[in-house]
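Reader: Could you walk me through this model, starting with one polar residue and then turning to the nonpolar packing?

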Amino acid sequence: MNTKREQSLLPDDLRVFLTVIRKNGFNHAAEALGYSPAYVSKRVSILEATLGARLLHRTTRKVALTDEGERVRIWAARFLGDMDDFISELTDSRQQLRGSLHMCSSFGFGRNHVAPAITTLSQRYPKLEIRLDVFDRVVDIVNEGFDLEIRVGDDLPNQLLGKKLVSNRRVLCATPDYLERRGTPQTLDELAAHDCLVLKERNNAFGVWNLTRGDQQETVRVSGPLSSNNGEIVLRWALSGSGIILRSLWDVKPLLESGQLVQVLTDYSQSANVWAVYPTRVSQSAKLRVCIEFFEQHFRELSLG
């Protein structure tokens, strides 16, 4: 194959390369693409030769990105995404939305709400390839190559664009048996005498709850014998009667309605709206615009107060 022909296949080879990464191996990538493993390996080797860089560490069990490979992965996702957006704009066919969308969200909200929404989104746009990663940490969506983050909370980075999808707030609650044993706090100061289940979430200060009552903002330092960086663990502890939690309504509203949890200090809450957050590089993407409109409509049905 001559050099010009190899270079002309660069977009196809980039897609093969991204599939190998996503499927974590040549065999799985070959199965997904409908090629032989040998052909997939050959295309990646040609891409490496074209770019003059080794992109993957190959072993018998898995593949791992080199530093150059990580740079190419981010660049390739952007390049192919821009190409897909160009084709979508050129054909002006929203019903034939295609290309790839790399999303992320927090672990709990991503699993319980974003993932089910993606099922519907994928059914509506079957040519759209979606990857969802979930984390219990701060994600740098620009440098980590994400197109869209569905984020709970109003601490939005200045360098990113955002659109509010649905209003949401965090409330204080505990089980009836805990409150019967320990009493129901009547003021924020009384929380100091209670076991508070502390969640270390993103870059929020550990053991500090910033709450709002009307137009007033107040801060209280809390503590207790149990803490975690995972919201679902903290919620399980609360349901076992271990203490008071500050948790999003998207998570606890059904439990409050069923009586499994009781809201305390009902005048206080913490704003935790749900946002679509995205880099400026994809702000003009027709694909992204359609997806954000979909999530906005979908999450309206959460009806969070």
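Reader: Which residues is Asn273 in contact with, leaving aside its neighbours within four places in sequence?

Author: Happy to help! This is a predicted model, where local features need pLDDT of at least 70, side-chain atom pairs count only at pLDDT 80 or more, and totals for chains, interfaces and linings use all residues. Residues are numbered from 1 along each chain as its sequence is written, and side-chain values use heavy atoms, with hydrogens and water left out. Taking contact as heavy atoms within 4.5 Å, the partners of Asn273 are Arg151, Val152, Gly153, Asp154, Lys164, Val166, Ser167 and Asn168.

Reader: Is Asn273 buried or exposed?

Author: Buried means under 20% relative accessible area, exposed over 50%, and partly exposed in between (1.4 Å probe, protein chains only). With a relative accessible area of 12%, Asn273 is therefore buried.

Reader: Which residues touch the most other members of the largest nonpolar core?

Author: A nonpolar core is a set of buried Ala, Val, Leu, Ile, Met, Phe, Trp, Tyr and Cys residues joined through side-chain atoms within 4.5 Å. The largest one here has 27 residues, and those touching the most other members are Leu148, Ile150 and Phe295.

Reader: And which element gives the largest share of this core?

Author: Helices (H or I, at least four residues) and strands (E, at least two) are DSSP runs, numbered from the N terminus. Elements that each supply at least two residues include β5 (148–152), β6 (161–166) and α10 (286–300). The largest share, 7 residues, comes from α10.
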